[in-house]
Amino acid sequence: MKINCPDADIEYIEDFYSADEAHLIFNALTQHLVWRHDDIKMFGKVMKIPRLQAWYGDNSLRYRYSNITLTAEPWTAALLAIKEKVSGYCRHDFNAVLANLYRDQHDSVGWHSDDEPELGAMPTIASLSFGAEREFQLKHIITKEKMSISLASGSLLIMRGKTQHYWQHCLPKRSKLIKPRVNLSFRKICNES
Ligand SMILES: O=C(O)CCC(=O)C(=O)O
Ligand SMILES: [Mn+2]
């Protein structure tokens, strides 16, 4: 389903994977990916990122994110199978995936756009969710219009075109208990930096 959002091209497929498939994938990813807990520097202070991350892709691709440089781990069989299904649906080639593990309601990602230069001008970002449902918020950078999408386990969210130019997104912390969630966002890195 297309999300009705000005200056954006966003599609949401709630049942990209069945509940059973999503459950198996969640278990495989939490157990087998190489999860890291990096530091970031924010306002001059060093702190832990409020989630775990893993970075996989072609040929040790490097990706700079905040002030961290991640070197891609080689694809696992599970990630390759997911990539094939997502690439087929999106008709787009991806060469890397950023995985996030939100351990509970205290884990989050702050407001940002996926606008790192190595993603190119109009990136297609394909974002999959497994595990607990979390609220994904979007904010238009000029009009400040806000919207939110509840990301179900097994769902696929695709952001294309000018979405990253006009909109920021985040996954806020919550006060009530939330179980773990894994997010995979497939990306295409255009040039090695
Ligand atoms: O977990 C999500 O759904 C969003 C993650 C995200 O925006 C990112 O890693 O760039
Ligand atoms: Mn993002």
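This report covers an annotated domain and four residues in a predicted model.

## Annotated domain

An unreviewed UniProt entry carries the annotation "domain: Fe2OG dioxygenase" for residues 93-190. Within this span, 49% is strand and 4% is helix. The C-alpha atoms at its two ends are 11 Å apart.

## Glutamine 105

Glutamine 105 is in the loop that runs between strand E8 (96-102) and strand E9 (109-112). Its relative accessible area is 8%, so glutamine 105 is buried, the cut-off for that class being under 20%.

The side chain of glutamine 105 forms a polar contact with the side chain of histidine 106, at 3.5 Å. When residues up to four places away in sequence are not counted, glutamine 105 touches Arg134 and a series of further residues: Lys173, Arg174, Ser175, Lys176, Leu177 and Ile178.

## Glutamate 11

Strand E2 (residues 9-13) contains glutamate 11. Glutamate 11 counts as buried because its relative accessibility is 12%. Its side chain has a polar contact of 2.5 Å with the side chain of tyrosine 89.

Tyr89 is also on the list of residues that glutamate 11 touches, residues up to four places away in sequence not being counted. The others on that list are Met1, Lys2, Leu156, Leu157, Ile158 and Arg160. Serine 153 is 142 residues from glutamate 11 in sequence, and the C-alpha atoms of the two are 16 Å apart in space.

## Glutamate 73

Glutamate 73 sits in the loop between strand E7 (68-71) and helix H2 (77-90). With a relative accessible area of 30%, glutamate 73 is partly exposed.

Apart from neighbours within four places in sequence, glutamate 73 is in contact with Val34, Trp55, Tyr56 and Gly57. Between glutamate 73 and serine 150 the C-alpha separation is 30 Å, and the two residues are 77 residues apart along the chain.

## Methionine 47 and a nonpolar patch

Methionine 47 belongs to strand E4 (residues 45-48). Its relative accessible area of 33% makes methionine 47 partly exposed. Together with Met42 and Phe43, Met47 makes up a nonpolar surface patch of about 360 Å².

## Summary of accessibility

Glutamine 105 is buried at 8%, and glutamate 11 is buried at 12%. Glutamate 73 is partly exposed at 30%, and methionine 47 is partly exposed at 33%.

Key. Residues numbered from 1 in each chain as written. Chains lettered and ligands numbered in written order. Predicted model: local features only at pLDDT ≥ 70, side-chain atom pairs only at ≥ 80, totals over all residues. Heavy atoms only, no water. UniProt positions renumbered as here; feature names shortened; annotations may be inferred. Buried < 20%, exposed > 50% of the residue type's maximum accessible area, 1.4 Å probe, protein only. Contact = heavy atoms within 4.5 Å. Polar contact = N/O pair within 3.5 Å; in protein donor to acceptor, adjacent residues only side chain to side chain. Patch = residues over 30% accessible without salt bridge, like charges linked within 9 Å, V, L, I, M, F, W, Y side chains within 5 Å. Areas by Shrake-Rupley, 256 points an atom, 1.4 Å probe, with all protein chains shown as cover. Salt bridge = Lys/Arg side-chain N within 4 Å of Asp/Glu carboxyl O.
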